[in-house]
Each structure stands twice: as structure tokens, then as C-alpha cells.
Amino acid sequence: MSGRPTAYAGAGWLRGSGGGARALLALSLGALLLLVTACGGGGDGDGAVADARNGGTVKPSPTLSRAVVSVAPKDGAKDVDTSGALKVSAREGKLTKVEVADTKGTAVAGEITGGGTAWRPKLHLAASTTYKVHAVAEDAKGRESVKDTSFTTLVPKNTFLGRFTPEDGSTVGVGMPVSLNFSRGITDPKAVERGIEVTAEPEVEIRHKWYGNDRLDFRPEKYWAPGTKVTLKLSLDGVEGRPGVYGKQAKTVRFTIGRSQVSYVDASAHTMRVTRDGKTVKNIPITAGAPNSTTYNGQMVISEKYEVTRMNGDTVGYGGEYDIPDVPHAMRLSTSGTFVHGNYWAGPGVFGHQNASHGCVGLRDARGGGDSSTPASWFFDSSLIGDVVVVSHSHDKNIQWWNGLNGWNLPWGEWQS
């Protein structure tokens, strides 16, 4: 005799009258209570439950787990925060598996903690994304409890980007740092740092340094070894860099370190010695900054190359002292306007004998840069973005580390905020 027919019969007797109907109704309710109790999983999993029909006992299903899995946010939730909102926990059991992935199957890395009582993601979640959660827990007898939910993260109203240097797939010189310039000022730098990873093969320690709240650079202690493979991984989608402003990049950038070229400028001797993999390959006569516009000392990294460019003194604080529309073979060394470049307007007696520039390092060249036999043409063709030019014996200060890609001028012990 099962619970369901008894309850049905009781309902039928209600259409009659008298004490018999009331007695059968009581019996039907008792049987229904037994059914609900047995299926509810309450009480001791091995305990006996009273059988109202015959005074005996029955045991609940041996496959019913006591473990309870909880997932936050709730199933179907919308506009969920990308950080701190996702939590998975278990009571009266331990988590054995937690899988979180977006609708494309991209998994969210996380770890089970607290002896199996909790799971947390290792990083933030992406914005505007639906995630599915599959969590499994076991009770003390190995019986499993499973929970599946889904939720959708918030759609940001304001976003930021990180413009990166160098370019993906490029081959660069040994002095090239990884530099990121953010489109919005960052007020939670730790959150942004957690969304950025820079690695190298062969492995080397890499440290980072902030300049203000919108620039973040990475470099090793010494110049990269030639042939090093460097990877920049941006996992900024969903990172709240400042209140209400979220990152939107999920990108991997890879570049290779080429041969080692470091060039040494002696401003007082008016020479530049070019070394390749530690050996001198060329000595070039140069002109550096004049006494009233001296060249910075220090290690400077080539950050841009131009076959021909315009140089106007108005843009770097020299008023109308010069405006040259066709400077050949120009390579930028600082944000403030220091270049190593070709010079066709100075007489041949200047190079190697006199400092006559407005702070740049000048090499003899032909107008238009079409003469491949000139020192400037050779140096331009022989140089990579990321090569280093070291200036010494100039009557000027050392260049600031943030003026260009010139972090090598800051001691290693200070290269981490």
C-alpha cells in the first residue's frame, strides 16, 4: 500500500460524511507525512523513520548525501560584480570539484580552500559575461551532492585601456622594457597589477614600477639576454581600475629580444662607439649638445624610428631657434625630445670636433637621407627599437627614468613601488 493511493482515497471519502471519513482522512495524512519525511533527507542518514502503517521502521535512501553546496550569486543573477561576488561553499561535506566557465568554455581558475569548505576564483571575472557553475561535494560517507547555476556579470558604463610597448610579434633590442600607458588614471593599482603578467624564457626576475597613476613599466635587473622570449599577458577585462571604471582587454603579447647592440657616446670626445654582442663594430664621430643646450647623460633606449621627420624648437621649449622639416634617420631617445639623428646642415668639421646641437646626438648625413654611405644611414639601418645609447661626459644631469623608456637609470633596489 503506497502513500499516494491512500491520500487519494482520503480525498474521496471527504465527499461523504460521518466518523469513518474523518478516521480515513487522519490515516491518509499520516501516510503522506511518512512519505514526505522519508524523501526529505532529514535526521540521521542511518537512523530509522517510523512507519505509520505497521509500526515498523524504514531507512532513507543510502545514496542521499548530507552535503549541502551553496553558490553565490544566486542562479540567474544579473549585473554581478566582477570581483568578490563569486563564492562556492559546502557544509556537512567537502567540495571535490568546482568548474566555472563562460559560454565559450573558457574556464575560470580557482582553488578549493578551508579543507574543502570553500572555493574562490584566483582572479576577477570578465565583464558582460555569462558564467556557468558546476560544483560537487561529498559527505563523510562519500555520497555526492551537485549544484549547477549560472549568472551574468555587469556591463561597464566606463572603461580603460592599456596601450602597450613593444608591439606583438616584434624583435627588439636588449634595453626594451614592457611599458603600459593607461587611458584613465588608476586608483587601485594592486587590482590592475593582478591582471598583468610578464614572463620571460629563459626565466629571469622581472619587476614593475608605476609612474604616476597612468603608466606601469616592467624590466629585469640587467638588459635582456639576446634571444629571450618575452610574454605580456593582459587579463584586464573586468578589472575595476578606479571606481566604476573597468578594464576591457584580454590579450597576449609576445616579442623577442634580438642581438645585443649598445652604443656609447662620449660627449666630450665627440665620438660614439657601437658595440654588437660586446664587441666594437664601429666608431662614429658625432656632435652632441652645445654648452647652452647640453645632452642628458645616462642610458637611453631607442623608442621610435623615422626615415625623415620634422623637428621644431617650439615643441621642446626652444622657441623659434630651429624648425627643420626634413631631419633624416631620426631615432627617439626621450619623451622630452632627445634624438640620435642625421645632420646634413652642419659642416663636415663639426662631427668629431664640436658640440653644436640642441641636446641631440647628431651624425653626418645627406639631405633626404638617401646616401647609404653616411654614418647616420649606417647607424639607422643597424639599429632596432629597444637598442641602448649610453651618453657620458656631458655637462648635464642624468636623464630621469620616466623620460622615455629609460628605467635602466633607476637602481634595481628602487625599481618596485
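This report describes the fold, the nonpolar cores, one group of paired strands and one loop residue of a protein chain, as seen in a predicted model.

**Overall make-up**

The protein chain contains four helices and 30 strands, and of its 417 residues 44% are buried. Among the contacts with a separation of 6 or more, 61% are made by residues 24 or more positions apart. The accessible surface of the protein chain comes to about 21100 Å², and carbon and sulfur atoms account for 51% of that area.

**The nonpolar cores**

The largest nonpolar core has 32 residues, and the members that touch the most other members are F182, V192, I196, L232 and L236. Several elements give two or more residues to this core, among them the helix α3 (189–194) and the strands β14 (178–182), β15 (196–201) and β18 (229–235), while β17 (215–219), β21 (250–257) and β30 (388–392) also belong to that list. A second core, separate from this one, has 21 residues, including V265, F380, V391 and I399.

L232 offers a more detailed view of the largest core. When residues up to four places away in sequence are not counted, L232 touches F164, V178, L180, I196, E197, V198, K251, T252 and V253.

**Strand β27 and its partners**

Strand β27, which spans residues 323–332, is mostly covered, since seven of its 10 residues are buried. The strand is joined to β26 as well as to β28, and the table sets out these two pairings.

| Pair | Partner strand | Bridges | Direction | Bridge partners |
|---|---|---|---|---|
| β26 and β27 | β26 (residues 304–312) | seven | antiparallel | E304 and R332 |
| β27 and β28 | β28 (residues 339–343) | two | antiparallel | M331 and V340 |

The hairpin of β27 and β28 has six residues between the strands, and in this hairpin G337 takes a positive phi near 120 degrees.

**A loop residue, Q249**

Q249 lies in the loop between β20 (245–247) and β21. Is Q249 buried or exposed? Its relative accessible area is 11%, and because buried means under 20%, Q249 counts as buried. The side chain of Q249 reaches the backbone nitrogen of G162 at 2.7 Å. Leaving aside neighbours within four places in sequence, Q249 is in contact with L161 and G162, and also with L234, S235, L236 and D237. Of these contacts of Q249, L236 is also one of the residues named above for touching the most other members of the largest nonpolar core.

How values were computed. Residues are numbered from 1 along each chain as its sequence is written. This is a predicted model: local features need pLDDT of at least 70, side-chain atom pairs count only at pLDDT 80 or more; totals for chains, interfaces and linings use all residues. Side-chain values use heavy atoms; hydrogens and water are left out. Buried means under 20% relative accessible area, exposed over 50%, partly exposed in between (1.4 Å probe, protein chains only). Contact means heavy atoms within 4.5 Å. Accessible areas come from the Shrake-Rupley method with a 1.4 Å probe; for residues, only the protein chains shown count as cover. A nonpolar core is a set of buried Ala, Val, Leu, Ile, Met, Phe, Trp, Tyr and Cys residues joined through side-chain atoms within 4.5 Å. Two strands pair if DSSP finds at least two bridges between them. A polar contact is a pair of N or O atoms within 3.5 Å; within protein, one must be able to donate a hydrogen and the other to accept it, and residues adjacent in sequence count only if both atoms are side-chain atoms.
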